[in-house]
Structure formats: C-alpha cells, structure tokens
Amino acid sequence: MQKEDLDFFKKWFLDYVDQFSSPEVFIQENVKLKIEHTARVCENILLLAKAENVEEKDCRLAETIALFHDLGRFEQFTKYRTFKDSESEDHALLGVKILENTGILSILSQKEKDIILKAVEYHNRMEIPECTETTTEFLFYLKLIRDADKLDILKLVSEDCEKEEELRNPVLEFNIPDTPGCSENIVEDILNNRMSKLADAKNRNDIKLLRLSWIFDISFPAAFSLLRERGYLETILYSMPETEEMQMVREHIESYLNAVETRARNKAVKTDVI
Ligand SMILES: [Fe+2]
C-alpha cells in the first residue's frame, strides 16, 4: 500500500465521521470518544507492527485496518444510542457493509481489500478463525488489531476507574448497575484463562473483570509490555473490592503475565543465540 492511499483514507474517514457530529451532547461526546479511540488504536497498531519489524507498506495496511475497524460505531451509536452490539447490531459487520457500499477500498489490490474487510469483520469476535495456509497473513493483521483495540479499551476503562461517579461514561459500562459482588462465571473464566462473555456481566465489577479477561486474547509481546508500562491492569485490579475472590483473580492475572513475559524473554534469548 502506498502512502497516498493511507492519506486518502485518513481524509475520507474525517469527512465520513463529520456527518455524525450532533448538537446533542450525548451523541456528540460518544462520537468524539470513538474518533479519539480510533486515533489511539492507529498509534497502538503502529507500535505493535514496528516491534514485529513489519515493513513500511504493511504498517500502512495495519494502520488502515485500525482506522476502519470501528467505522460501524458511528452509525450504530447515532441510530441505537448504544455501543452494545446485542441491543443494536454487530458494529464490525456494519463497518464492513459501509466499506463495501462506499467502495472506498477499490483503490487497493484485491488481497489488501480482503485482509482489511476480514480483519474489520473479525476484530470483535470471541474466537478467531483457525490458522490455515490461506489465513496466516490475515490472522497476523487480525491479532494486531485485536491487541491494539484492547489496549485502548483497557486504557479507557482504567481511566474511568479513577473518575468520580458523575464523571464516568455510563455508555462504556453499558449502563450496568454498580452493585456489590461479581459473577461466578466471570471469575471462573479468568481462573481458566478464558475471555468472558458480556451476557454474563451483571454489574460494574463484572464489566471490569470482563475487560481484564481480555488479556487472554492478547497475542504480541509488545502489547504485554505496553500494558505493563501503562499500568492499566493494576489500576483496574486495585479498583475492585478487597475480597478473597478478587485476591485470587489478582494473583492469577499476575502469574499469567509473569509466565507470558518469561516465555517472551526465553524466546528472545534463543533467537539471539541463533
Ligand atoms: Fe475499537
């Protein structure tokens, strides 16, 4: 992909989202939230791609995926006033539909187009497709966008944890009540290294735990390093109630991260030796 192609997409994106700017504060704030989120996901994906020594032209492809991954969010929020896919529609599929209907990707090769459309389509799925000869390249980009996206959602959640009640964005927590305790299923998921389902989240603690469970879907060592450096997980973990269950969750997450880091270090040492 050429630099001019990416510049064209960036300009198109700004024009596209401009149509959703609204005099209504509720809409405007959440449209702005997603524009800013997109910009940070673009930054994140570049950091991850560069850490993987991805070539410049492929970094541009990765950045395009980040730029368009939440394209469906703007129409979704304006139409349904929620980011909850189960109460509106799948924002990833909506994004793919918009990309196809506008024909914006027609300046690219068929291969680049396919990678972008599939990465957008699968970026929010619970499970990713199996690795086969034909999916290897697409899966690399899919993992990049999933990591880059999760990094920014964890940032937003951790920032919200530090805010006073009235300054928090209820939309980020899907308007779920702030009641005591947490769902057994979600704790069980974390202790078994699984991502949790939104359907199991009954209160604000569950939403925080669900976001924490996303670490089990993180793929790249650079994403784990960024999580550590930026301290998102600690902030979320230490905003949870001091219960035995939470202590278990904290210890489990800590040992999972340590194991991942040790594995990454050993791999790096081996590569150095070779
Ligand atoms: Fe996103």
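Where is the place of L151? L151 sits in helix α7. This is a predicted model, and I will start with that helix, then go to the metal, the charges, the rings and the backbone.

L151 has a relative accessible area of 0%, so it is buried. Its C-alpha is 7.0 Å from the C-alpha of L227, although the two positions lie 76 residues apart in sequence numbering, counted as a separation. The burial of L151 fits the helix around it: 21 of the 26 residues of α7 are buried, so the helix is mostly covered. What about the length of α7, with its 26 residues at 1.5 Å a residue? The expected span is 38 Å, and the end C-alpha atoms are 37 Å apart, which agrees.

Helix α7 also brings us to the metal.

Which residues coordinate the iron ion? They are H37 and H69, each through NE2, and D70 and D149, each through OD. The distances run from 2.1 to 2.3 Å. In sequence, the donor residues follow the spacing H-x31-H-D-x78-D. H37 belongs to helix α2, residues 25-51, and D149 to helix α7, residues 136-161. That pair is 112 residues apart, and it links distant parts of the chain.

Now the geometry. The 4 donor atoms subtend angles of 82 to 170° at the iron ion, and the arrangement is therefore irregular. For reference, ideal angles at a metal are 109.5 degrees for four tetrahedral donors. A tetrahedral label would need all angles to lie between 85 and 135 degrees, and the range of 82 to 170° does not meet that, which makes the site irregular.

Are H37 and D149 buried or exposed? H37 has a relative accessible area of 0%, so it is buried. D149 is at 12%, and because buried means under 20%, D149 counts as buried too.

Next, the charges. Side chains of opposite charge can pair when their charged atoms come close. How many salt bridges does the count give? The count comes to 22. I will go through three of them.

One is between K11 and D15, with the closest N and O atoms 3.0 Å apart. Both residues are in helix α1, residues 3-18, and they are 4 residues apart, so about one helical turn separates them. K11 is exposed, at 51% relative accessibility, while D15 is partly exposed, at 48%.

Another joins K57 to E55, the closest N and O atoms being 3.8 Å apart. K57 is partly exposed, with a relative accessible area of 37%. E55 counts as exposed, at 51%.

The third pairs R194 with D189, again described by the closest N and O atoms, which are 3.0 Å apart. R194 is partly exposed at 38%, whereas D189 is buried at 6%. Elsewhere, K34, D70, R73 and D85 are joined into one network by salt bridges that share partners. D70 has come up already, as one of the residues that coordinate the iron ion.

On to the rings. The count of aromatic pairs comes to 13. Which residues do ring pairs link into a cluster? They are F8, F9, W12, F13, Y16, F20, F68 and F74.

Two charged ends also sit over rings. That of K150 is over the ring of W214, 5.4 Å from its centre. That of R250 is over the ring of Y238, 4.8 Å from its centre.

Last, the backbone. Most residues other than glycine have a negative phi. Two residues to look at here are R81 and N193. R81 is not a glycine, yet its phi is positive, about 60°. R81 lies in the loop between α4 (72-80) and α5 (91-102), and at 41% relative accessibility it counts as partly exposed. N193, also a residue other than glycine, has a positive phi near 55°. The loop that holds N193 runs between α8 (184-191) and α9 (204-212). N193 has a relative accessible area of 36%, so it is partly exposed.

To close, back to the iron ion: H37, H69, D70 and D149 coordinate it, and the arrangement of the 4 donor atoms is irregular.

Definitions and conventions:
Residues numbered from 1 in each chain as written. Predicted model: local features only at pLDDT ≥ 70, side-chain atom pairs only at ≥ 80, totals over all residues. Heavy atoms only, no water. Donors = N, O, S within 2.8 Å, 3.2 Å for Na, K, Ca; no water. Tetrahedral: all angles 85-135°; square planar, octahedral: opposite > 155°, others 65-115°. Helix = DSSP H or I, 4+ residues; strand = E, 2+ residues; numbered from the N terminus. Buried < 20%, exposed > 50% of the residue type's maximum accessible area, 1.4 Å probe, protein only. Salt bridge = Lys/Arg side-chain N within 4 Å of Asp/Glu carboxyl O. Phe/Tyr/Trp six-rings, centres within 6.5 Å; stacked < 30°, edge-to-face > 60°. Lys NZ or Arg CZ within 6 Å of the ring centre and 35° of its normal. Expected span 1.5 Å × (residues − 1).
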